[in-house]
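Student: Please take a close look at a single part of this predicted model, the largest nonpolar core. Which residues touch the most other members, and which parts of the chain supply this core?

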Amino acid sequence: MARATQTAGTSGTDRPAPRHHGNRHGRSEQARLAVLNAADDLLAEKGFAGVTMEGIATRAGVAKQTIYRWWSTKTDVLMDAFLQDVAEDLPVRDRGDLALDLRSYLGDLAGFLSASDAGAVFKALVAQAQHDPAFARDFRSRYLDDQRRRDRLPLERAMERGELPPGLDLTAETDQLTGPLYYRVLVTDEPVGQEFTDRLVDAFLHRHGLTAPTND
């Protein structure tokens, strides 16, 4: 995209005025978001093998060179699209009660992974990581480490409130809560609806002598 260069009137100097990049930056961000959304949509429609840089460019309405300015491969595009989806669509709400927090978060996580375009991207990225060691390292460092912290957050807040005893192995407890959910999403493809996630929460509460609320 061509950029106009303008020289302002002088005031004791012939130096050109600074260029204003606001519009260009705005258009660049718009194009970047269009690319990420297009990658999400195409993967949901065509699967990982059906996504190409050319297809993303066409769907996003941008030149292929625009995509290559920011990303080297379609996997890189999908990774950034997925990370943006996580940031926007998977909050860890704090309702001040462990049972409510866990039910809310596990329900949101289950829906995000099993019933959204982002979930389809997640499955594709996990599959790609199985035979691409370099990408697997990037995937773990950019997503999995943060995701594990996100999964632990309801328990950390509960410990700070005194609902859970200090010294509890939060990593192991988090694995017991979320592991069955990820197993169903990635391996068995069994349902992960609210009934299933609530059972996970109830089992956790029972294990720690806590009482589930009668309603939300």
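**The largest nonpolar core**

Tutor: The largest nonpolar core holds 58 residues, and those that touch the most other members are Ile 56, Ile 67, Val 77, Phe 82 and Phe 139. At least two residues of this core come from each of α1 (22-46), α2 (53-60), α4 (74-89), α5 (98-114), α6 (117-130), α7 (133-161), α8 (170-188) and α9 (194-207). The largest share, nine residues, is supplied by α5. Both domain 1 (25-71) and domain 2 (87-208) contribute, with at least three residues of the core drawn from each.

Ile 67 may be examined individually. Leaving aside residues up to four places away in sequence, Ile 67 touches Val 35, Met 53, Ile 56, Ala 57, Val 62 and Val 77.

The helix α5 also packs against α7: their axes come within 10 Å and cross at roughly 170 degrees. Angles over 145 degrees count as roughly antiparallel, and α5 and α7 are therefore roughly antiparallel to each other. On the α5 side, Leu 98, Asp 101, Leu 102, Tyr 105 and Leu 109 take part, meeting Gln 147, Arg 150, Asp 151, Pro 154, Leu 155, Ala 158 and Arg 161 of α7. By class, the residues of this contact are seven nonpolar, one polar and four charged.

As for the setting of the core, the protein has nine helices and zero strands. Of its 216 residues, 38% count as buried. Among contacts between residues at least 6 apart in sequence, 61% join residues at least 24 apart.

Conventions
Residues numbered from 1 in each chain as written. Predicted model: local features only at pLDDT ≥ 70, side-chain atom pairs only at ≥ 80, totals over all residues. Heavy atoms only, no water. Core = buried A, V, L, I, M, F, W, Y, C linked by side-chain atoms within 4.5 Å. Buried < 20%, exposed > 50% of the residue type's maximum accessible area, 1.4 Å probe, protein only. Helix = DSSP H or I, 4+ residues; strand = E, 2+ residues; numbered from the N terminus. Domains from an automatic or database assignment. Contact = heavy atoms within 4.5 Å. Axes fitted to C-alpha atoms, helices over the stretch in contact; angles between N-to-C directions. Parallel < 35°, antiparallel > 145°, perpendicular 65-115°, else oblique. Nonpolar A, V, L, I, M, F, W, Y, C, P; charged D, E, K, R; others polar.
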